[in-house]
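Me: Please work through the structure shown below with me, one question at a time. I should like each answer to be reasoned briefly and to close on the value or name requested.

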Amino acid sequence: MLVTVENGKAIKVAGDPEHPPTSGALCAKVSRYTERTYHPDHVLTPLKRVGPKGKGSLKLLSWEQAIAEISARLRGIAERNPQAIVPYSYAGTMGLVQGERIAARFFHKLGASLLDRTICASAGATALK
């Protein structure tokens, strides 16, 4: 991937035409990375739904509140049946730490069920290794 940076900010991403496996192709998600990252509606703080789904009723939570609520819910599920936790956590920014390692350790510690990512992610992980 080729990234154009101006004043410390990524302004464009493009596939590297010299990369043999992809010949410069990027998936739809990655090709719009800068647009999503810097979009004015990009959520930067925890929000909790307080009304019915689809109504847009959200309240702001602190990171501490969000982590406490999520951990309490996961702890309850893990105590009842850890395999009931389906660890969907995709790849963050595709780094080795954010992408697979921390999530895998976290869900393993809970005893969660196994989840293969997608064909795209599996191929990317193999290429990364």
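Me: Leaving aside neighbours within four places in sequence, with which residues is Thr-4 in contact?
Reply: This is a predicted model, and Thr-4 lies in strand S1, residues 2-6. Setting aside its neighbours within four places in sequence, the contacts of Thr-4 are Lys-9, Ala-10, Ile-11 and Lys-12.

Me: Is Thr-4 buried, partly exposed or exposed?
Reply: The buried class ends at 20% relative accessible area and the exposed class begins over 50%. Thr-4 has a relative accessibility of 35%, so Thr-4 counts as partly exposed.

Me: How far apart in space are Thr-4 and Ala-14, C-alpha to C-alpha?
Reply: Along the sequence, Thr-4 and Ala-14 are ten residues apart. In space, their C-alpha to C-alpha distance is 8.5 Å.

Me: Which residue in the loop between S1 and strand S2 has a positive phi although it is not a glycine?
Reply: Most residues other than glycine have a negative phi. In the loop between S1 and strand S2 (9-14) lies Asn-7, with a relative accessibility of 83% that places it in the exposed class. The phi of about 50° is positive, and the residue is Asn-7.

Me: What is the phi of Ser-23, and where is Ser-23 placed?
Reply: Ser-23 is found in the loop between S2 and helix H1 (28-31). Its relative accessible area is 55%, over the 50% cut-off, so Ser-23 is exposed. Ser-23 is a residue other than glycine, and its phi is positive, near 50°.

Me: Is Thr-34 buried or exposed, and what is its relative accessible area?
Reply: Thr-34 belongs to helix H2, residues 33-37. Leaving out residues up to four places away in sequence, Thr-34 touches Ala-10, Ile-11, Lys-12 and Val-13. A residue is buried under 20%; Thr-34 is therefore buried, with a relative accessible area of 15%.

Me: What volume of space lies in the second largest pocket?
Reply: The lining of this pocket consists of Pro-46, Leu-47, Lys-48, Arg-49, Leu-61, Ala-66, Glu-69, Ile-70 and Arg-73. By class, five of these residues are nonpolar, none is polar and four are charged. The space in the second largest pocket is about 270 Å³.

Me: Which element gives the largest share of the lining of the second largest pocket?
Reply: Two elements, strand S3 (47-49) and helix H3 (63-80), each supply at least two lining residues. The largest share is four residues, and it comes from H3.

Me: How far are Gln-65 and Ile-67 from Pro-46, C-alpha to C-alpha?
Reply: Gln-65 is in helix H3, and its relative accessibility of 40% makes it partly exposed. Ile-67 also lies in H3, but with a relative accessible area of 55% it is exposed. Pro-46 is 19 residues from Gln-65 in sequence and 21 residues from Ile-67 along the chain. The separation in space is 8.8 Å for Gln-65 and 9.2 Å for Ile-67.

Me: Which residues make up the largest nonpolar core, and which elements supply at least two of them?
Reply: The largest nonpolar core has six residues: Leu-74, Ala-78, Ile-85, Ala-103, Phe-107 and Ala-112. At least two residues of this core come from each of two elements, H3 and helix H4 (96-110).

Me: Which residues does Ile-85 touch, not counting those up to four places away in sequence?
Reply: Ile-85 is one of the residues of the largest nonpolar core. With residues up to four places away in sequence not counted, Ile-85 touches Leu-74, Ile-77, Ala-78, Phe-107, Leu-110, Ala-112 and Ser-113.

Me: What pattern does the protein follow along the sequence?
Reply: The protein contains five helices and four strands. Read along the sequence, their order is β-β-α-α-β-β-α-α-α.

Me: How much of the accessible surface of the protein belongs to carbon and sulfur atoms?
Reply: Of the 129 residues, 17% count as buried. The accessible surface comes to about 10,100 Å². The share belonging to carbon and sulfur atoms is 60%.

How values were computed. Residues are numbered from 1 along each chain as its sequence is written. This is a predicted model: local features need pLDDT of at least 70, side-chain atom pairs count only at pLDDT 80 or more; totals for chains, interfaces and linings use all residues. Side-chain values use heavy atoms; hydrogens and water are left out. On a 1 Å grid over the protein atoms alone, a cavity is a set of points where a 1.4 Å probe fits but cannot get out, and a pocket is an open set with protein on both sides within 12 Å along at least five of seven lines; lining residues have an atom within 4 Å of a point. Grid points are joined across faces, edges and corners, and a volume is the space filled by probe spheres set on the points. Ala, Val, Leu, Ile, Met, Phe, Trp, Tyr, Cys and Pro count as nonpolar, Asp, Glu, Lys and Arg as charged, and the others, Gly among them, as polar. A nonpolar core is a set of buried Ala, Val, Leu, Ile, Met, Phe, Trp, Tyr and Cys residues joined through side-chain atoms within 4.5 Å. Buried means under 20% relative accessible area, exposed over 50%, partly exposed in between (1.4 Å probe, protein chains only). Contact means heavy atoms within 4.5 Å. Accessible areas come from the Shrake-Rupley method with a 1.4 Å probe; for residues, only the protein chains shown count as cover.
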